[in-house]
Amino acid sequence: MRVLITGGAGFIGSHVADELSAQGHDCVLLDALLPEAHGSVPSLGHELVVGDVTSPDVLRPLLSTVDVVCHQAAMVGHGVDPFDAPSYARHNDLGTAVLLAEMYRAGVSRLVLASSMVVYGEGRYRCLSHGVVRAERAAADLERGLYEPRCFCGDFLVPELVPEDAPLDPRSTYAATKLAQEHLASAWARQTGGSVWALRYHNVYGPRMPRDTPYAGVASIFRSALQNGVAPRVMEDGRQRRDFVHVTDVARANFLALSSPRPGFEAVNVCSGSPHTIGELAFALAEACDGPTPSIVGGARPGDVRHVVASPAKALDVLGFEAKVGFSDGVREFAFASQREPVTTP
Ligand SMILES: NC(=O)c1ccc[n+]([C@@H]2O[C@H](COP(=O)([O-])OP(=O)(O)OC[C@H]3O[C@@H](n4cnc5c(N)ncnc54)[C@H](O)[C@@H]3O)[C@@H](O)[C@H]2O)c1
Ligand SMILES: [Zn+2]
């Protein structure tokens, strides 16, 4: 098959391209090389078209040559600055809307969409008296260092694995635009009879992660600090849990989805199934690098969530996907892996 990978020069898109090539498939990458993400034009060894996914003129000649689209292009990060909202909406939602319309025009009916765990908001929690409840942490609790979410009855909640049918509850501009991508793609699948896999990645890490940018993920921020001989700063008490999934596993999940057409819209968690705390990640990386001991600095940012850990059951069931790279091996390798060039313009 021939695949258009939007955002193909990015961290995950470039690994999807490597995986497809290794499996004997052909791909063409489209990337706007956003200055927030790229310091220089990366050399990736794949056909790259520099252009914007919001442009029908850029998309049309590419879509006429492909069987399926892998849509990774997005503006990533936390989305805490209200002035960033128009850019998030343009790159993520206008981009997806234009892509879907042009796919329909070109007769391309299969899409794999990079979605995110952020669509779930604050994970899934159970109160021993009230069952599964929506969690929202109170500012007053955070200020007092009470980081665990509480039920409306005041009791602390117990986190559980999030299944795909959990309520969707985005808590940041970025998260809202990722969920809107899913809604647009789901409507398109219904209108056109097309096939959409929305892969909800959890915390992806691995070689070629961007470094030294405010938009980089936590693994990259810790790794960059250690490389500069600085102790990683761990927010809250470091006990917040995430699912760290290696980028080569995420690339394989994309390959499996690209190879499994199925009419309609399906959302699937792409995770390792083995949650770890942010503190564990910082200490494991510091040990692997023989660097300074991480410092636990407290605090919590608006929109930060406490525990988001997912169920990997559906991905195994519908895609045959199971993560292969374990936390210890992946972190040890990441401690010395190459990272993407820092951006030159802030
Ligand atoms: N990294 C993670 O942990 C993670 C987790 C969940 C979801 N995701 C999703 O995975 C996808 C890839 O993320 P990544 O970590 O590789 O980020 P990245 O920034 O490395 O890659 C995104 C790429 O998209 C490009 N891009 C952005 N807007 C574009 C546009 N309008 N036209 C063309 N190209 C554009 C950027 O230049 C960049 O190369 C994104 O959709 C992101 O939301 C990532
Ligand atoms: Zn309760």
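Colleague: Which element gives the largest share of the shell around ligand 1?

Modeller: That is strand 5, with three residues. Strands here are DSSP runs of E with at least two residues, helices are runs of H or I with at least four, and both are numbered from the N terminus. Do keep in mind that this is a predicted model, where local features need pLDDT of at least 70 and side-chain atom pairs pLDDT 80 or more, while totals for chains, interfaces and linings use all residues. Residues are numbered from 1 along each chain as its sequence is written, chains are lettered from A and ligands numbered from 1 in the order in which they are written, and side-chain values use heavy atoms, without hydrogens and water.

Colleague: What makes a residue count as near ligand 1?

Modeller: One of its heavy atoms must lie within 4 Å. The shell has 28 residues, and Ile 12, Asp 31, His 38, Tyr 174 and Lys 178 come nearest.

Colleague: How do you know that Asp 31 makes a polar contact with ligand 1?

Modeller: A polar contact is a pair of N or O atoms within 3.5 Å; within protein, one must be able to donate a hydrogen and the other to accept it, and sequence neighbours count only through two side-chain atoms. A polar side-chain atom of Asp 31 is 2.6 Å from an oxygen atom of the ligand, so the pair qualifies. Asp 52 also qualifies, with a side-chain N or O atom 3.0 Å from a nitrogen atom of ligand 1.

Colleague: Why is the arrangement around the zinc ion (ligand 2) called tetrahedral?

Modeller: Its donors are Cys 127 (SG), His 130 (ND1), Cys 151 (SG) and Cys 153 (SG), at 2.1 to 2.4 Å. The cut-off for N, O and S donors is 2.8 Å (3.2 Å for Na, K and Ca), and water is not among the atoms, so sites may look incomplete. Four donors count as tetrahedral if all angles lie between 85 and 135 degrees; here the angles are 104 to 113 degrees, so the name fits.

Colleague: Are Cys 127 and Cys 151 buried or exposed?

Modeller: Buried means under 20% relative accessible area, exposed over 50%, and partly exposed in between, with a 1.4 Å probe and protein chains only. Cys 127 has 1% and Cys 151 has 5%, so both are buried.

Colleague: Why is Gly 217 called partly exposed?

Modeller: Its relative accessibility is 31%, which falls between those two limits and therefore earns the label. Gly 217 sits in the loop between strand 10 (203-205) and helix 6 (218-227).

Methods: Four donors count as tetrahedral if all angles lie between 85 and 135 degrees; four count as square planar and six as octahedral if opposite donors are over 155 degrees apart and all others between 65 and 115; anything else is irregular.
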